[in-house]
Amino acid sequence: MSSGEGQAVRDHGLTEQQRMIRDSVRALACTHFQPGAARADREYRPPVENLQVLARHGFTGLFIPPAYGGAGLGLMENVLVAEEIARACANTGILFSCTDGAAPRAIAGLGTEAQKAKYLPRIAKAEMLTAWSMSEPDAGSDVGNVQCRAVPEGESVVINGSKLWCTAAQVADLFLVLVRMTPEPGMKGVGAVLVERGTPGFTVGKHLDLLGLRGTGMAELVFQDCRIPADQVFLEAGRMRELLAVLDADRLSGNPTICLGVAQAAFESIVGYLRERIQFGRPLAEQQGLQWKLAEMAMDIEAARALLYRAAMRVDEGRASVVDTSITKAFVNQMSVRVTNEAVQLAGACGLSQEYPYERHYRDVRGMSIGYGTIEIHKNSIAREILSGRYSN
Ligand SMILES: Cc1cc2nc3c(=O)[nH]c(=O)nc-3n(C[C@H](O)[C@H](O)[C@H](O)COP(=O)(O)OP(=O)(O)OC[C@H]3O[C@@H](n4cnc5c(N)ncnc54)[C@H](O)[C@@H]3O)c2cc1C
């Protein structure tokens, strides 16, 4: 294959502007984020300062409309930026979604004019970080079982209950929280409120230490007679479908994109390792059995990238679909676990050592098959589309 053809494969039909964005973020992330990635993980410290670097270079609030201080770019640009950030530092990739993830997308898509004007300009500049809070002890995959309650009282709404697994809780300034607003069962009774850090009655609880993504400031939230003004109600009960539809784009540019970036980083690193590591008098990279493993990893990564980019481009063309999102999310999650696990194996004992990045890469992607809808829940939705006849080629 000529080098020109190789370039065409890697570019996936990107425009010149998209390639420029990707290359600029790659350089920025490599210089500023990669050197501190292992430390953020080791110290359980969200590297929020990296968001200021991104903001200074105009890489936050990418999808936020220019009228509210954002760049007004499409999902494809968002995917390219998040992928490059995660390739250097997965924790920064996750924090990036504080400015380009679920909560800002929801506000831009469904917020009142006052809410957009109040929050979006500050989110676009990473002056205000957001978190998305849906899960509770008894409401994981079963979101309709949310028990945290918001009850109207005069000009206010009073919130009581607790939330679990809230990514970025320790650093966020604004929380989009799903709450039960009416006694109707299931999703029908669920709405959403916006709660600012520091509101009396609202506390960010203990840090939750998971296997990976240790620098994302995950915590539980506790509400005890927390009173917010009625205009901080974000969504009345009964509109959850609209909220979930707005979040379709985020399901692509967040979780699976970060998995792709981390898998790419693991792959590149292990190629270098096998070239350097001498066993039986020659580099491990000369063992055909290991070369085939590298080939399999590259095949897996390229297939995942093609799926993700195609899905993002379709969203930008106004052709978003549930099946595209779920197939992409589930496939990229599984690919990233396979690839990072293989990198651990190929590095031998070094693969398990914290002196090398492989164990961190594996830990960072492992939980992504659970967050933002488990693989099984996404497979349920793929199967639903197949059996309803909506899925065809
Ligand atoms: C890294 C990470 C980040 C997260 N960030 C956030 C966040 O920012 N905000 C937030 O609100 N939440 C967050 N979560 C929580 C996440 O949304 C939940 O963990 C997820 O929805 C699954 O819920 P659960 O853990 O209670 O598992 P459960 O729902 O108890 O599921 C347990 C197992 O049963 C399977 N299962 C459940 N129901 C079905 C079914 N109907 N069919 C087939 N299989 C099923 C699941 O796939 C899973 O394997 C995060 C989680 C992780 C791991």
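**Group meeting: fold, domains and ligand shell**

Let me start with contacts. If we take the contacts in this chain between residues at least 6 apart in sequence, 75% of them join residues at least 24 apart. Keep in mind throughout that this is a predicted model.

Now the overall build. The chain's secondary structure amounts to 15 helices and 10 strands. Its radius of gyration is 21 Å, close to the 21 Å that the globule rule gives for 393 residues, so the chain is as compact as a globular protein of that length. Taken along the principal axes, the box that the C-alpha atoms fill is roughly 80 × 45 × 40 Å. As for burial, 46% of the 393 residues count as buried.

Next, the domains. The assignment splits the chain into domain 1 (16–128), domain 2 (131–238) and domain 3 (254–388). Between the C-alpha centres of domain 1 and domain 2 there are 23 Å. Their contact draws on 22 residues of domain 1 and 21 residues of domain 2. On the domain 1 side, at least two residues each come from α3 (37–42), α6 (90–100), α7 (102–110) and α8 (113–124). Of the elements on that side, α6 gives the most, with five residues. By class, the domain 1 side that touches domain 2 has 16 nonpolar, four polar and two charged residues.

On to the ligand. How many residues surround it? The count is 17, and the closest are Gly 140, Ser 141, Gly 371, Thr 374 and Glu 376. Three elements give two or more residues to this shell: β1 (130–133), β3 (156–166) and α15 (375–387). The most comes from α15, which gives three residues. Sorted by class, the shell has nine polar, seven nonpolar and one charged.

Why do we place the ligand between two domains? Domain 2 (131–238) and domain 3 (254–388) both give residues to the shell, so the ligand lies between them.

Last, one helix as a check on geometry. Helix α13 covers residues 322–346, which is 25 residues. At 1.5 Å a residue, α13 should span 36 Å, because the expected span is 1.5 Å times one less than the number of residues. The end C-alpha atoms of α13 are 36 Å apart, which agrees. After α13 comes Gly 348, with a positive phi near 60°.

To recap the main point: the shell around the ligand takes residues from both domain 2 and domain 3, while domain 1 touches domain 2 through a side that includes five residues of α6.

Terms used. Residues are numbered from 1 along each chain as its sequence is written. This is a predicted model: local features need pLDDT of at least 70, side-chain atom pairs count only at pLDDT 80 or more; totals for chains, interfaces and linings use all residues. A residue is near a molecule or strand if its C-beta atom, placed from the backbone, lies within 6 Å of it. Helices (H or I, at least four residues) and strands (E, at least two) are DSSP runs, numbered from the N terminus. Ala, Val, Leu, Ile, Met, Phe, Trp, Tyr, Cys and Pro count as nonpolar, Asp, Glu, Lys and Arg as charged, and the others, Gly among them, as polar. Domain bounds come from an automatic or database domain assignment. Two residues are in contact if their C-beta atoms, placed from the backbone, lie within 7 Å. The radius of gyration is taken over C-alpha atoms; the globule rule is 2.2 Å times the number of residues to the power 0.38. A residue is buried if 20 or more other C-beta atoms lie within 10 Å of its own, exposed if 12 or fewer, and partly exposed in between; C-beta atoms are placed from the backbone.
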